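User: I am new to this structure and would be grateful for a short guided discussion. Please explain each term as it arises.

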Amino acid sequence: METPRDQPDRTEVEWFEAGERHAAPWRSNSSVKPPKKVETFGDELRADDAMRLASEGTAILWRGDFLGARQLLDALKRRLDRQQVKPDPDLAVTFHRHRQARAHRTRILSMVLIELGADFGIDLRRAPDIRDACREAYGEAAEPSVASLQELLGAVGAHEWRRRGVLVPALGARIHPHYGVFAPTRNEYVDLVAEAQLPTAGTAFDLGTGTGVLAAVLARRGVGRVVATDIEPRAVACASDNLQRLGLADRVEVVRTDVYPSGTADLVVCNPPWVPAAPTSSIELGVFDRKGHMLTEFIRGLPDHLNPGGEGWLVLSDLAERLGLRTRAQLADQFEQAGLTVLGRTDTRPRHPRASGDRPEGRGTGGRDPLAAVRASEVVSLWRLAVRAH
C-alpha cells in the first residue's frame, strides 16, 4: 500500500470527558490544523449551536448516532452556503475572496470530529465500515485517532472512485484514481492529446502524470516508450496501478521526480496545474500550483530534454488569464526566453457542468459560483512547441 505524500507532524487532539483528560493523534491530509478546544456532544446538539461553537473555534467530538453527525454536517453546509462572496470588478480579487471563503468553509466543517479506533473502526450507532477507505487515505493504523467527519467522507468518496474507476472514452477503459490524486473527469484535455497529430515519436515523457491517463493515451497511440513522472508518491503508485491494469506497464515507466526525468525524448507532454495559487490539500495539487512552478519548469527545461526535431505539448487552460492571475503576454514571453517557437495550437471548450455557467455552486460558498461567467468562457488549449532554430 502506498504511503501518504507527506505525513504531517504528529499532533494531538485533547478533550475532557467524564472529568478525565483524553488525547489522540490528529489525522488530516489537508492544511487544516487540529482544533485547540474540543468538547463532546451527541444527538441533542442543535445545528445553530454547532455553528456558533465552530465559529468560535470549539470542535465537536461526536458521541451520538453517526447519521446524526452527517445530518449536522449537512445543516452546517446549508448555513455556510447562504454566505455570499462579494464580487469585485477585479476578477483576481473576486477569485481570492472566493478562495478565502472556501478556506473558511473548510475550517468550519472540519470542526465536527469522529474518533477512530486502532483499526479505523467507528464505535457509533449506525456507523459504516470505512476501514479500507481510511487505510487508503492514511496508511495502516496502529492506535486510536481523531479526524474530521468531512475529511472521512471525502476518503469514503475517493475509495468509491477508486473501486469503480472513471471511464475515459479516449482509452475505451476505466482509470482508477487513488486518494489524493486528481481524477480525469474532464475529458477535453485527454481528447486533445488523443487527437493531436502525433509526430514520429519513439520516446515520450508525460510530466506530472497523476493517474497515468495521458501516458496511457500516448502508449495506446503507438509511442514505443513512455516515461511518466510525478513528484507525489500517491500519484506514482496510482499511475503504476492503472498502467498495470491496462496492460501497458511494459511500455510505460513511472518515475518519481520533480518535472523532468533524465535524458531526452521525441515528445514531451505536460498538463500542469492551471491556476497559480497555493493548494490547500493533496487533491488540489492537480489544479493549483503556487507561482506556476510546474509550468515554468516545463517551459524552461524543454530545450534540454527534446531530441532534434522533437515537440513539446503543453495542455493548458486560459482560466488563470481570465482571472487576471497570468497574461497571455507573460506566457509568450516564457516561450521566447526559453528559445521556443509555437508550431500550432488546438483549442477546445470544457464540457464539465460548471463550464455551463448556470450550475449552482451548492457545495461551495454563496449559493452560486461568483466566477461562473469566467468558467463558462474558459478555453483549454494544446500548444505544440519546438526549439527555435538558430
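The questions and answers below consider a helix, a sheet and the cysteines in turn.

User: How should the model and its numbering be read?

Analyst: This is a predicted model, in which local features need pLDDT of at least 70 and side-chain atom pairs count only at pLDDT 80 or more, while totals for chains, interfaces and linings use all residues. Side-chain values use heavy atoms, leaving out hydrogens and water, and residues are numbered along each chain as its sequence is written, from 1.

User: On which side or sides of helix α1 do its buried residues lie, and over what arc?

Analyst: Helices (H or I, at least four residues) and strands (E, at least two) are DSSP runs, numbered from the N terminus. In α1, residues 47-55, the buried residues (under 20% relative accessible area, with a 1.4 Å probe and protein chains only) are Ala 47, Ala 50, Met 51, Leu 53 and Ala 54. Because their arc, taken from the directions from the helix axis to the C-beta atoms, is limited, they lie on the same side of α1. That arc is only 165 degrees.

User: Which elements do the buried residues of α1 pack against?

Analyst: Contact here means heavy atoms within 4.5 Å. By that criterion, the buried residues of α1 pack against β3 (37-41), β4 (58-62), α2 (66-81) and α3 (91-109).

User: Which strands form the edges of the open sheet of seven strands?

Analyst: Two strands pair if DSSP finds at least two bridges between them. The order is β11-β10-β9-β12-β13-β15-β14, with mixed pairing. Each edge strand pairs on one side only, and these are β11 (252-256) and β14 (340-348).

User: What is the bridge partner of Asp 206 in β12?

Analyst: Strands β9 (residues 203-207) and β12 (residues 265-270) run parallel and are joined by four bridges. In β12, the partner of Asp 206 is Val 269.

User: What angle does helix α11 make with β15?

Analyst: Axes are lines fitted to C-alpha atoms, for helices over the stretch in contact, and angles run from 0 to 180 degrees between N-to-C directions. Helix α11 (residues 328-337) lies across β13 (306-317), β14 and β15 (380-387). Its angle to β15 is about 25 degrees.

User: Why is Cys 270 not bonded to Cys 238, and how many disulfides does the whole structure hold?

Analyst: A disulfide is a pair of cysteine sulfur atoms within 2.5 Å. The closest cysteine sulfur to that of Cys 270 is in Cys 238, 17 Å away, and therefore too far for a bond. Cys 238 is buried at 0% relative accessibility, and Cys 270 is likewise buried at 0%. The number of disulfides found in the whole structure is zero.

Definitions and conventions: Buried < 20%, exposed > 50% of the residue type's maximum accessible area, 1.4 Å probe, protein only.
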